[in-house]
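Please look through the sequence and the structure shown below before reading on. The paragraphs after them are meant to be followed with the structure in view.

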Amino acid sequence: MTKSPVRVKTLTIDGREVGAREDQTILEVARENDIFIPTLCDLPGLSTLGACRLCLIELKGVPRLLPACVTRVAEGMEVVANSERLDRYRRSILELLFAERNHVCSVCVVNGHCDLQSLALKLGMTHVHFPYQYPSLPVDASHDRFVADHNRCILCARCVRVCDEIEGAHTWDVMARGVDCRVITDLAQPWGKSESCTGCGKCVQVCPTGALSEKGKSVAEMSKRRQFLPYLTLMREGRR
Amino acid sequence: MSAPVIPVEKIRMATVWLDGCSGCHMSLLDTDERLIALAQRVTVVWGPLVDMKEFPANVDVTLVEGAISSEEDLHRIKMVRSRSKLLISLGDCAVTGNVPAMRNKFGADAVLRRAYLENVTLDPQIPREIIPTLLPKVRPVHEAVPVDLFIPGCPPSADLIFSVLSDLLDGKVTNPAAKFG
């Protein structure tokens, strides 16, 4: 069977004319053209989830906002990726993330290397307008080498996806809904007791915050190493 | 520009120390010799080192370090707000609650028990007088009173504080771009 030729679509993002393959998402095209769209749950090399909603964009003719990471391009689309209104919504989403758990940047293991913290700076979040919730959440330090601090988790599910899709262990999953939602290892067992965990540490490296970290690292001492992801993805695609 | 006139009407500035470690005040002092330049245009009418019994009226700018942790903090910030034209949250404790707010998941009782009973060998007792009553939850300043400007950081750098104050003296009221933590 011969492959059908790739169709090219043209659209505009923030008034700029851009070309895209028909199987691309708005986020991918924006990135190719150096148009900034903020993301937290997205990580090239992992499947897309559309969980964090930071990549919401305006599409002409559509009254609601759409997540750029899971919206495919179409001919003649007019996309607004950056506007006053989107800035406001994106800041509100960030503020909700900060208010929902106990993010204390000053004493965090990834202070200065955190996706959430740097995005707050980039999007001009001055303070959190919502009342902080201060939930009582556990810290799981049962693993020999890693720590899971649920106070700092934003439920992006990068750990869940990298463990399932790249490592193939599926140790991580998501439990419950709403404010009770939590990432878990095995069937909500302590991480150290997990029989499926291979101890590879990929989850720790892809985690955007200090929720997953290496033991023995103190405040601001940990930065994440994610160089492995594109290579692994490339290998997988080559095999298909 | 008009010719220099002496004396110029100086800006009346105050600094307030609530539940914080004083690191933000240290950072303010770390502006070093620039303080001398500031002093030409600013009078410090209240602060931890100002020997006054009561927070003065008609303050132009007040910098607040620390979170709202006790009934005393709450009382003071309301009074400070009513006497200040511009109120600035200085540092993460004021802006986010930061470390003082980490007790919120345990509650004030647990903190008092730990500090005054469990870790004390001589006559352990929880003080009922003199020490202000702790609020059930530590809150950032803007949850208690309206705040005009936010300077994040733990502590905010001396350069950042100085640039915000310089901007203010030039009539610019803009939130600085700086990270939390």
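What follows goes through the two chains, some of their elements, and the contact between them.

This is a predicted model. For the complex, the predictor reports an ipTM of 0.90 and a pTM of 0.93. Chain B has an average pLDDT of 94, and 96% of the residues of chain B score at least 70. As a general caution, coordinates predicted with low pLDDT should not be read in detail.

Chain A is a chain of 240 residues, of which 38% count as buried. Its secondary structure consists of 6 helices and 10 strands. Along the principal axes, the C-alpha atoms of chain A fill a box of roughly 55 × 50 × 30 Å. How does the radius of gyration of chain A stand against that of a compact globule? A compact globule of 240 residues would have a radius of gyration near 18 Å, and chain A has 19 Å, so the value agrees with that of such a globule. Contacts in chain A can also be sorted by how far apart the partners lie in sequence: among those between residues at least 6 apart, 64% join residues at least 24 apart.

Among the helices of chain A is α3(A), which spans residues 115-122. Its buried residues are D115(A), L116(A), Q117(A), L119(A) and A120(A). What covers the buried residues of α3(A)? The cover includes another helix of chain A, α2, at residues 84-100. Just after α3(A) comes G124(A), where phi is positive, at about 70°.

Further along chain A is an open sheet of 3 strands, ordered β6-β7-β10, with antiparallel pairing. Its edge strands are β6 (139-140) and β10 (212-214), each of which pairs on one side only. Strand β7(A) covers residues 146-149, and 2 bridges link β6(A) and β7(A) in the antiparallel sense. In this pairing, D140(A) is opposite A148(A) of β7(A).

Strands β8(A) and β9(A) form a hairpin, with 6 residues between the two strands. In the turn, A176(A) has a positive phi of about 60°. Strand β8(A) comprises residues 172-175 and runs antiparallel to β9(A), to which 4 bridges join it. One position to find in this pairing is W172(A), which stands opposite T185(A) in β9(A). Which residues of β9(A), at 182-185, are on the covered face and which on the uncovered one? V183(A) and T185(A) make up the covered face, whereas R182(A) and I184(A) are on the uncovered face. T185(A) thus appears twice: it belongs to the covered face of β9(A), and W172(A) is its opposite number in β8(A).

Chain B has 181 residues, and 35% of them count as buried. It holds 6 helices and 7 strands. Read from the N terminus, the order of the elements is β-α-α-β-β-β-α-β-α-α-β-β-α. The box filled by the C-alpha atoms of chain B, taken along the principal axes, is roughly 65 × 35 × 30 Å. Among contacts in chain B between residues at least 6 apart in sequence, 82% join residues at least 24 apart.

The last topic is the contact between the chains. In it, 18 residues of chain A are in contact with 20 residues of chain B. The side of chain A that touches chain B is made up of 10 nonpolar residues and 8 polar ones, with no charged residues.

Definitions and conventions
Residues numbered from 1 in each chain as written. Chains lettered and ligands numbered in written order. Predicted model: local features only at pLDDT ≥ 70, side-chain atom pairs only at ≥ 80, totals over all residues. Buried ≥ 20, exposed ≤ 12 C-beta atoms within 10 Å, placed from the backbone. Pairing = 2+ DSSP bridges. Contact = placed C-beta atoms within 7 Å. Nonpolar A, V, L, I, M, F, W, Y, C, P; charged D, E, K, R; others polar. Rg over C-alpha atoms; globule rule 2.2 N^0.38 Å. pLDDT = per-residue confidence, 0-100.
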